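Biologist: I would like to go through this structure with you and ask how each label is earned. Please set the values against the cut-offs as you answer.

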Amino acid sequence: CFFCAIMDLEVRWVFMNFKKCVLLIIMIFIIGLSSIAFVLCSPDFLLLGEEEITINVGEEYKENGYSATSLFKDVSKKVVIDNQVDTSKLGTYEVTYILNISGFEVKKKRTVTVVDKVAPIITLKGQGESYVCPTQEYIEEGYEVTDNYDSDLINSVQIDKKDGSIIYSVEDSSGNVGKVERRIKYQDNKNLSDRRHQSQPLLRG
């Protein structure tokens, strides 16, 4: 009869949707278990210290370390480090940390920037204070320049004479400026002769 046919369709519809609901529940359960397993099994990998470090050229790069655990166990020994830092050259480098465990691969990176913050040093030859006759010009005694990175700055030295002194300055490739002063005192021959007799600093004139 017509009524029986309708009832049969309703039963089938309910049964089919019930199967779908059961399948949906099973899928949600499986996904939930997978998520829990992922959370439990995936390693906990952290870098210690700053992830961006700046050091001066020539200094030693010191590893700040890292922490790696999986399933509540320390697996730090399984971390592989790729260190490309060259502290003898200015630039930006990366230290890569790779952990492979339980089918998971986790990568971390630390950025190391090597800079030059040290000013060049000018060393004066002779005395830092020289005496000259008023009628004479001071004769340059010379100087030397050393720097922690740039090899030859002697020709870059700027000399500025003013107010009884000579200012020597030089700038390296990183913009660091080194300065030194030589004081010039002008005295007549009699005073200069007395100073020579007393073995005072180098006299000229």
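Modeller: Take Asp163 to begin with: its relative accessibility is 78%, and it counts as exposed. Keep in mind that this is a predicted model.

Biologist: Why is Asp163 called exposed?

Modeller: Exposed means over 50% relative accessible area. Asp163 has 78%, so it counts as exposed. It sits in the loop between β11 (158-162) and β12 (165-171).

Biologist: What else can be said about Asp163, for instance about its phi?

Modeller: Asp163 is not a glycine, yet its phi is positive, about 50°. Most residues other than glycine have a negative phi. As for its surroundings, the C-alpha atom of Asp163 is 8.9 Å from that of Ile184, and the two residues are 21 apart along the chain.

Biologist: Is Glu137 buried or exposed, and how do you know?

Modeller: The value for Glu137 is 62% relative accessibility, so Glu137 counts as exposed, the cut-off being over 50%. Glu137 belongs to the loop between β9 (129-132) and β10 (143-146). Its C-alpha lies 9.5 Å from that of Tyr186, with their positions 49 residues apart in sequence.

Biologist: How much confidence does the predictor have in the chain?

Modeller: The mean pLDDT of the protein chain is 79, and 71% of the residues reach 70 or more. Two stretches stay under 50. One is residues 32-40, for which the model has three contacts beyond four places in sequence. Another is residues 199-205, with 23 such contacts.

Biologist: What does the protein chain contain in helices and strands?

Modeller: There are two helices and 14 strands. Of the 205 residues, 28% are buried. Among contacts with a separation of 6 or more, 55% are between residues 24 or more positions apart.

Biologist: What makes the pair of Phe45 and Tyr66 edge-to-face?

Modeller: By the pairing rule there are three aromatic pairs. In the pair of Phe45 and Tyr66 the ring centres are 6.4 Å apart and the planes stand at 90°, so the pair is edge-to-face. The cut-offs are centres within 6.5 Å and planes over 60 degrees apart. Phe45 is in strand β1 and Tyr66 in strand β3 (residues 66-70), so the pair ties together parts 21 residues apart in sequence. Ring pairs also bring in Tyr97, and the three form a cluster.

Biologist: Why do Phe45 and Tyr66 get their burial labels?

Modeller: Buried means under 20% and partly exposed lies between that and 50%. Phe45 has 4% relative accessibility, so Phe45 is buried. Tyr66 has 22%, so Tyr66 is partly exposed.

Biologist: Which way do the side chains along β1 point?

Modeller: They alternate: Phe45 and Leu47 point to one face and are buried, while Asp44 and Leu46 point to the other and are not.

Biologist: How do you know that β1 and β3 are paired?

Modeller: Pairing needs at least two bridges. Four bridges join β1 to β3, and these strands run antiparallel. Leu47 is opposite Tyr66 in β3. Between β3 and β4 there are two bridges, again antiparallel, and there Ser70 has Lys73 in β4 as its bridge partner.

Biologist: Why are β1 and β4 called edges of the sheet?

Modeller: The open sheet has three strands, in the order β1-β3-β4. β1 and β4 (73-74) each have a single partner strand, so one side of each is without a neighbour in the sheet.

Biologist: Which residues touch the most other members of the largest nonpolar core?

Modeller: They are Tyr61, Tyr97 and Leu99, in a core of 17 residues. Two or more residues each come from β1 (44-47), β2 (52-56), β6 (91-101) and β7 (104-115). β6 gives the most, five residues. Another core, of 12 residues, lies apart from this one and includes Tyr138, Tyr143, Ile166 and Val170.

Biologist: What does Tyr61 contact beyond its neighbours within four places in sequence?

Modeller: Its contacts include Ile53, Ile55, Val85, Val95, Tyr97 and Val112, and also Asn83, Thr87 and Arg110. In soluble globular proteins, nonpolar side chains tend to be buried together.

Methods. Residues are numbered from 1 along each chain as its sequence is written. This is a predicted model: local features need pLDDT of at least 70, side-chain atom pairs count only at pLDDT 80 or more; totals for chains, interfaces and linings use all residues. Side-chain values use heavy atoms; hydrogens and water are left out. Buried means under 20% relative accessible area, exposed over 50%, partly exposed in between (1.4 Å probe, protein chains only). A nonpolar core is a set of buried Ala, Val, Leu, Ile, Met, Phe, Trp, Tyr and Cys residues joined through side-chain atoms within 4.5 Å. Contact means heavy atoms within 4.5 Å. Rings of Phe, Tyr and Trp (its six-membered ring) pair if their centres lie within 6.5 Å; planes under 30 degrees apart count as stacked, over 60 as edge-to-face and the rest as tilted. pLDDT is the predictor's confidence in each residue, from 0 to 100.
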